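Student: I am new to this structure. Please show it to me, and then take one part slowly.

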Amino acid sequence: MSCCGRRDGEDAAQSSILFSILNSGAPCARRRLQTAAAHRLCSCASKGRLVAIRAPRLVFKAACEVLVKTFRFVKNVPCFRGLPTEDQLRLVRKSWAPLLVLGMVQDSVDFDTVETQQPSLLHRILTHSKEPQQRTATEIQDPGVPVGDVEGIKMFLVKCRGLRISVKEYAFLKGAILFTPEVMELECRDYIRALQREAERALYEHVRTVHRGRVSRLRALLDRLRSMDPQAVAGLFFRPVTGTSSIDEHVLSLFYER
C-alpha cells in the first residue's frame with residue numbers, strides 16, 4: 001500500500017507544473033517564461049509610447065477644412081435640418097470624430113507622426129517641487145496620443161482607401177454615422193433611429209447592385225467608425241494647436257461657420 005501510495009504521489013508530482021519546471025526541462029521553461037515576460041514588457045512599453053503630428057498646424061488646417069466641408073453636407077440634409085436645434089447639436093457632438101476621419105479618407109488627407117519625448121520618472125520626482133505656473137512655455141508641450149490609437153486610425157485610413165468608396169457610399173455612410181439614436185436626451189429619438197436604419201438600408205441596397213461582396217466590408221467599416229475614440233482624434237488633430245481650449249466649442253464653431 002505504502003509503495004503504491006508513494007508511486008501515485010510521484011506520478012502526481014511528475015505531472016505537476018512545478019515538477020516540469022524543476023526537472024530537466026527547467027532551462028527551456030525558464031526561457032519560455034522569460035520570453036513571455038519580455039513580450040509583456042514590450043507590449044506595455046508600446047502602450048506607454050506617445051506620438052504627435054509631425055506638422056500639427058498644417059494637419060490642423062486640413063482637418064478643420066474637412067470638418068467644415070462635412071458639416072456643410074450635413075446641414076444640407078433635409079431630414080437633419082428638420083430636427084430640433086438641440087437634437088442637431090447633440091448629434092454633431094456625438095458624430096464629429098468618425099465624420100472627420102471618414103472625410104479625411106474622402107479628401108485624401110494624410111499625416112506623419114513623431115514620438116514625443118516624455119520626462120523620465122526620476123526627472124518628474126526631482127522637479128516635483130516646481131509648481132505648474134512656474135514652468136516656462138518651452139516646458140509645456142503637447143503630451144501626444146498613445147501610439148496604439150494612432151496606428152489604429154492610420155490603419156483605418158489605409159483600409160478605407162483600399163475599398164475605393166464611391167461618392168454615394170460616402171453619403172450613405174455619413175448619414176448612418178450622423179443619425180445616432182443612442183445619444184442622450186434626444187427629443188426625436190424614434191425618428192432619428194428610423195433615419196439611421198434608412199441610411200444603412202440605402203447603403204447596403206446600393207452596394208448589392210454594384211458588388212455584393214462589399215456589404216460585409218462596409219458593415220465592418222461602419223462599426224469601426226462608430227467605435228472611433230473622439231479623445232484620440234481630438235488629441236491627434238486639434239489639441240496640439242488649440243491647447244487646453246474646449247474641443248467641443250471648437251467643433252461647434254466649425255459647425256456654425258458659413
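What share of the contacts in the chain with a separation of 6 or more comes from residues 24 or more positions apart? After that, please give me a close look at Glu169 and its surroundings in helix H9, and then link that part to the rest of the chain.

Tutor: The share is 82%. Those contacts join residues 24 or more positions apart in sequence. Keep in mind that this is a predicted model.

A quick frame before the close look. The chain has 258 residues, and 36% of them count as buried. Its secondary structure comes to 14 helices and 3 strands. The accessible surface is about 16000 Å². Carbon and sulfur atoms hold 56% of that surface.

Now Glu169. Find helix H9, which runs over residues 167-178; Glu169 lies in it. Is Glu169 buried or exposed? Glu169 is buried, because its relative accessibility is 3% and the cut-off for buried is under 20%. Next, follow its side chain. One reach goes to the backbone nitrogen of Ser166, at 2.9 Å. Another polar contact, of 2.8 Å, joins the side chain of Glu169 to that of Arg214. Now widen the view and leave aside neighbours within four places in sequence. Glu169 is then in contact with Arg164, Leu203, His206, Val207, Arg214 and Leu218.

Take His206 from that list. His206 sits in helix H10, residues 189-210, so the contact between Glu169 and His206 links H9 to H10, since helices are numbered as separate DSSP runs. His206 has a relative accessibility of 19% and therefore counts as buried. Its contacts beyond four places in sequence are Ser166, Lys168, Glu169 and Phe172. Ser166 thus turns up twice, because it takes the reach from the side chain of Glu169 and also touches His206, where a contact means heavy atoms within 4.5 Å.

For contrast, go to Arg93 in helix H6. Arg93 is partly exposed, because its relative accessibility is 38%. Beyond four places in sequence, Arg93 touches Asp248 and Leu252. Its C-alpha lies 9.6 Å from that of Glu249, though the two residues are 156 apart in sequence.

Helix H6 also leads to the nonpolar interior. In soluble globular proteins, nonpolar side chains tend to be buried together. Here the largest nonpolar core has 68 residues. Phe80, Trp96, Leu100, Phe111, Phe237 and Phe238 have the most contacts inside that core. H6, residues 85-106, gives the most to this core, with 11 residues.

Stay with Phe238 for a moment. Again leave aside residues up to four places away. Phe238 touches Phe60, Ala63, Cys64, Leu67, Trp96, Leu100, Val233, Gly243, Ile247 and His250. Trp96 and Leu100 are also among the residues with the most contacts in the core.

Just before Phe238 comes helix H12, residues 230-237. H12 is mostly covered, with 6 of its 8 residues buried. The buried ones are Ala232, Val233, Ala234, Gly235, Leu236 and Phe237. Asp229 caps the N-terminal end of H12. One of its side-chain oxygens lies 3.0 Å from the backbone nitrogen of Gln231.

What about cysteines? Cys64, a contact of Phe238, is buried because its relative accessible area is 10%. Cys79 is partly exposed, because its relative accessible area is 30%. The count of disulfides is 0.

Last, the strands. Three strands form an open sheet in the order E2-E1-E3, with antiparallel pairing. The edge strands are E2 (113-115) and E3 (145-146), and each pairs on one side only. E1, residues 50-53, pairs with E2 over 3 bridges. There, Val51 stands opposite Glu115, and Ala52 has Val114 as its bridge partner. E1 and E3 pair over 2 bridges. On that side, Leu50 stands opposite Pro146.

Now return to your starting point. Glu169 is buried in number terms, because its relative accessibility is 3%. Its side chain is joined to that of Arg214 by a polar contact of 2.8 Å.

Note on methods
Residues numbered from 1 in each chain as written. Predicted model: local features only at pLDDT ≥ 70, side-chain atom pairs only at ≥ 80, totals over all residues. Heavy atoms only, no water. Disulfide = S-S within 2.5 Å. Buried < 20%, exposed > 50% of the residue type's maximum accessible area, 1.4 Å probe, protein only. Helix = DSSP H or I, 4+ residues; strand = E, 2+ residues; numbered from the N terminus. Polar contact = N/O pair within 3.5 Å; in protein donor to acceptor, adjacent residues only side chain to side chain. Pairing = 2+ DSSP bridges. Core = buried A, V, L, I, M, F, W, Y, C linked by side-chain atoms within 4.5 Å. Areas by Shrake-Rupley, 256 points an atom, 1.4 Å probe, with all protein chains shown as cover.
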